[in-house]
Amino acid sequence: MKPDVGTVLDVVAGKLLVEIAPAVEAGYKRNSVALTGLLLGMVREEWERGAARRVEENAALRALFGRAARVVTDSGLRARLESAAATREQSYLISELEKGNQVLRALLIELHAHVESLATPQARALEDEIWRELVTSTERRRFALAPF
Amino acid sequence: MPELADGIAAYAAHRMPGAREVRASAVERIHGGASRETYRFCLHWREGGRELERKLILRRDPPGSLIETDRAAEFAAYRAFRDSAVPVPEALWLESDSKWLEHPFFVMEEITGCEASPQAIGAPPYAQHHEQLAREKWTILGQISAADPDKLGLTSTLPLVTPGEAWRRELDHWTRVIDEDELEPQPIARAAIRWLRRTPPPPPQRLHVVHGDYRTGNFLYDGDGHVRGILDWEMAHLGDPLEDLAWSINRIWCWARDGRVGGLTSRENAIRIWEQASGLRADPKALHWWELFSSVKGIAIWISGGREYQAGANKDPVLAFSSIWLTNSQSRAALETLGKLS
């Protein structure tokens, strides 16, 4: 698609913020137009990275699950971790990558809760690794406009 | 908005039997929080041979919002603090019957000549008054915390809880919101919730009034650096006063992105002002618990708005914007409180 999606969104967002919002009556409508401009700016950022961040995160979670399977004590959870670690992307459509990401992140919650209940040094090391992944997950999702 | 103006006038005439020729003019929707539709208008009427008018605010329930809140609690809180040191607009009428304006609503006085925006406060003429605004903001919060909810009549309006169970009630509530409204798994929120349940805070000595959303953006300030009105009491409840203090200093409200809480002052100064005004001590362990809780609550609010928008129940762009803009930042704030950000 040309002009590029990013360019189009940048231009539309800029027009909403700089040209159209000031021309709309002050109050709710003007704020809504300006908010929509800012929203498009974030949509542009997410459009650019959307596939890459999901591919990266899904791979990181599968690798983590592969290591975690050797630490967990629950056999059912171990089987699900091994199964999830062996999965691969079937499609690079963002909607499909997102479905896979949600399955993996739900399993991460289960794994994290289980690891917290274990008292071994291996469990603490795995817990540290989970926290590092969670920190990285917020960096992947961070917007330039974000307050923090 | 002629239909809304006619509806407002008909309702006002119903509430003011002595008034004649009641009409509403200059009806205009304004941004007044994402939980209700907010309109300003001017009410005109004749009474006792005189032409009268008053600028008012209408807060109407929307089809969907960031948070499902109790308008009766909000109305009661405004009334309770009227004529106290806590500046609030006068609350006039509370109406639960949808026949008047399609949805339940309440009407209150408009405090004019003020700004509420958290962005505007960082620019002239307000920026030069940050320390004064901070002093007033956290002094007023201290006064809310020091108030006796029984004397204010709020123990008969707001649901009671024992001091020892205040934390659990709030955590249960916001956990339930996440359970019901999340559009994707929230591993950071879930980890925070588990930590909060494992590590309950020491209880407050008694129940206090909790505003529930006390932050820059929810009070009116003027160009001389004075706080003129505390707004958005829709999440008011009884509980631990540290809940309000923790929410007010949450990282997410560091609008200037420089660590100043509420975009105004240092965290330590805000806590010190609140302690002086309330006569209470902000126990560091308890405050830490409530700070982490604040981020769980924030995540719940942002994802709840996102669900409303995605479901089409409410297409106000502020819902999509807040959800996209703040959910991840709020998760990072939780990580920071847990000491996981280097």
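# A tour of chains A and B

Select strands β2 and β3 of chain B, residues 37–47 and 50–60: these antiparallel strands are joined by eleven bridges. Strands here are DSSP runs of E of at least two residues, helices are runs of H or I of at least four residues, and both are numbered from the N terminus. Two strands count as paired if DSSP finds at least two bridges between them.

The model is predicted: local features need pLDDT of at least 70, side-chain atom pairs count only at pLDDT 80 or more, and totals for chains, interfaces and linings use all residues. Residues are numbered from 1 along each chain as its sequence is written, while chains are lettered from A and ligands numbered from 1 in the order in which they are written.

**Stop 1: the strands of chain B**

Stay on β2(B) and β3(B) and pick B:Glu47, whose bridge partner in β3(B) is B:Arg50. The two strands make a hairpin with two residues between them. Click B:Gly48 in that turn; its phi is positive, about 60°.

Next add β1(B), residues 20–30. Seven bridges pair β1(B) with β2(B), again in the antiparallel sense. Opposite B:Ser25 stands B:Cys42 in β2(B). Then select B:Ala26, which also lies in β1(B). B:Ala26 is not a glycine, yet has a positive phi of about 50°. Is B:Ala26 buried or exposed? B:Ala26 is exposed, with 12 other C-beta atoms within 10 Å. The cut-offs, with C-beta atoms placed from the backbone, are 20 or more other C-beta atoms within 10 Å of a residue's own for buried, 12 or fewer for exposed, and partly exposed in between.

Move to β7(B) and β8(B), residues 219–221 and 227–230. They run antiparallel and are joined by three bridges. B:Tyr221 has B:Val227 of β8(B) as its bridge partner. This hairpin has five residues between its strands, and B:Gly225 in the turn has a positive phi of about 85°.

**Stop 2: loops of chain B**

Select B:Glu102, in the loop between β4 (91–95) and β5 of chain B. Phi of B:Glu102 is near 75°, a positive value in a residue other than glycine. B:Glu102 has 13 C-beta neighbours inside 10 Å and counts as partly exposed.

Now go to the loop between β5 (105–109) and α3 (130–146) of chain B, where B:Pro125 lies. The peptide bond joining B:Pro124 and B:Pro125 is cis, with omega about 5°.

**Stop 3: chain A as a whole**

Hide chain B and show chain A as a cartoon. Chain A has five helices and zero strands, in the pattern α-α-α-α-α along the sequence. Its radius of gyration is 21 Å, well over the 15 Å that the globule rule gives for 148 residues, so chain A is more spread out than a compact globule. The radius is taken over C-alpha atoms, and the rule is 2.2 Å times the number of residues to the power 0.38. Along the principal axes, the C-alpha atoms of chain A fill a box of roughly 65 × 30 × 20 Å. Of the 148 residues, 23% count as buried.

At the start of the chain, select A:Pro3, in the segment before α1 (5–23) of chain A. A cis peptide bond joins A:Lys2 to A:Pro3, with omega about -5°.

**Stop 4: helix α4 of chain A**

Select α4(A), residues 94–116. The helix has 23 residues and reaches 32 Å from first C-alpha to last, close to the 33 Å expected; the expected span is 1.5 Å times one less than the number of residues. Which residues of α4(A) are buried? Among them are A:Leu97, A:Gly100, A:Asn101, A:Leu104 and A:His112. Bring chain B back: the buried residues of α4(A) pack against α2, α3 (75–85) and α5 of chain A together with α5 (187–198) of chain B.

**Stop 5: where the chains meet**

The contact takes 28 residues from chain A and 30 residues from chain B, with two residues in contact if their C-beta atoms, placed from the backbone, lie within 7 Å. On the chain A side, the elements that give two or more residues are α2 (28–68), α4 (94–116) and α5 (121–140). By class, that side has 17 nonpolar, seven polar and four charged residues. Nonpolar covers Ala, Val, Leu, Ile, Met, Phe, Trp, Tyr, Cys and Pro; charged covers Asp, Glu, Lys and Arg; the others, Gly among them, are polar.

**Last stop: confidence**

Colour chain B by pLDDT, the predictor's confidence in each residue, from 0 to 100. Chain B averages 94, and 97% of the residues score at least 70. The model scores ipTM 0.97 and pTM 0.95.
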